[in-house]
Amino acid sequence: MPLASMGGHTSPKQYLDAQFTFERPATPEHPSHGCHVIESACPGNRVYYAAIQRFDDGAAGEVTAVVCLVRWNPRAKDGFVFAYKDMSESMGPHEDDCPLRVLERLTSTDDPVSLDWRRRCFATIRRRSRTLPDGALIRFSEPIAFGDNTRHELLRVLHQGNRIILTRSDGSGRYRVGNLLDRKFEIVRERRIAPTIFT
């Protein structure tokens, strides 16, 4: 949609927060009902995650998650800067990097698809919270191919400021691995040989 169709909102998060917050008055057939976004995030303007509470006849109901795939290009030459596709957690979205602050606002559920999605999101959070000490030796689940035509499964961590560089186990070479913390690897416990001290 064009920016002019976004109702004065200047970002995907603002627009979607407004779209999922509404109230419908009662009719002879149905009581009043609506939804309210109580927490949301749109990391990188790529995927929107929201904890949405439903209301029926003034009574607060369950809080569930909505996920939207977002396409945002404010410099689009054709003027169509924004598009989205929404789905509920009960549809089992593939996207599973929902922030903790959104997950914590959801009410309990026994829906197996929603539970599986929430488990995947918590697993992503745990994976990305891992720490990699300087000098640690890590083993990937499968060898990674690099631009120098080599493949490595075992690499060593080298901290350079805020960046993480990987080297061969002997410290040679310099390699970058995108989305490192999203990859499957384990830290190898190395045997430390204590030096012999002569007295």
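Which residues is serine 32 in contact with, leaving aside its neighbours within four places in sequence? In this predicted model, the contacts of serine 32 are Arg24, Pro25, Ala26, Phe55, Asp56, Asp57 and Gly58. Serine 32 is placed in the loop between β1 (22–24) and β2. Its relative accessibility is 17%, and because buried means under 20%, serine 32 counts as buried.

The setting of this residue is given by the overall organisation of the protein chain. Three helices and nine strands are present in the protein chain, and their order along the sequence is α-β-β-β-β-β-α-α-β-β-β-β. The protein chain is more spread out than a compact globule, because its radius of gyration of 24 Å is well over the 16 Å that the globule rule gives for 199 residues. Along the principal axes, the C-alpha atoms occupy a box of roughly 95 × 45 × 30 Å.

Burial, surface and charge were then considered for the whole protein chain. Of its 199 residues, 33% count as buried. The exposed area of the protein chain is about 13000 Å², of which carbon and sulfur atoms supply 50%. The protein chain carries 29 positive and 25 negative charges, and the mean positions of the two sets lie 10 Å apart. With regard to sequence separation, 45% of the contacts between residues at least 6 apart in sequence join residues at least 24 apart.

The largest nonpolar core consists of 16 residues. Within this core, the residues with the most contacts are Leu16, Phe20, Tyr48, Ile52 and Phe82. Two or more residues are contributed to the core by each of α1 (12–19), β2 (33–41), β3 (47–56) and β4 (59–72).

Isoleucine 52 illustrates the contacts made by one of these core residues. When residues up to four places away in sequence are not counted, isoleucine 52 touches Phe20, Cys35, His36, Val37, Glu62, Val63, Thr64 and Val66.

The helix α1 was examined in the same context. Its buried residues are Pro12, Tyr15, Leu16 and Asp17; Leu16 is also among the residues with the most contacts inside the largest nonpolar core. The cover over the buried residues of α1 includes β2, β3, β4 and β5 (82–88). Of these covering elements, β2, β3 and β4 also give two or more residues to the largest nonpolar core, as does α1 itself.

Terms used:
Residues numbered from 1 in each chain as written. Predicted model: local features only at pLDDT ≥ 70, side-chain atom pairs only at ≥ 80, totals over all residues. Heavy atoms only, no water. Helix = DSSP H or I, 4+ residues; strand = E, 2+ residues; numbered from the N terminus. Rg over C-alpha atoms; globule rule 2.2 N^0.38 Å. Buried < 20%, exposed > 50% of the residue type's maximum accessible area, 1.4 Å probe, protein only. Contact = heavy atoms within 4.5 Å. Areas by Shrake-Rupley, 256 points an atom, 1.4 Å probe, with all protein chains shown as cover. Lys, Arg positive; Asp, Glu negative; His and termini not counted. Charge placed at Lys NZ, Arg CZ, Asp CG, Glu CD. Core = buried A, V, L, I, M, F, W, Y, C linked by side-chain atoms within 4.5 Å.
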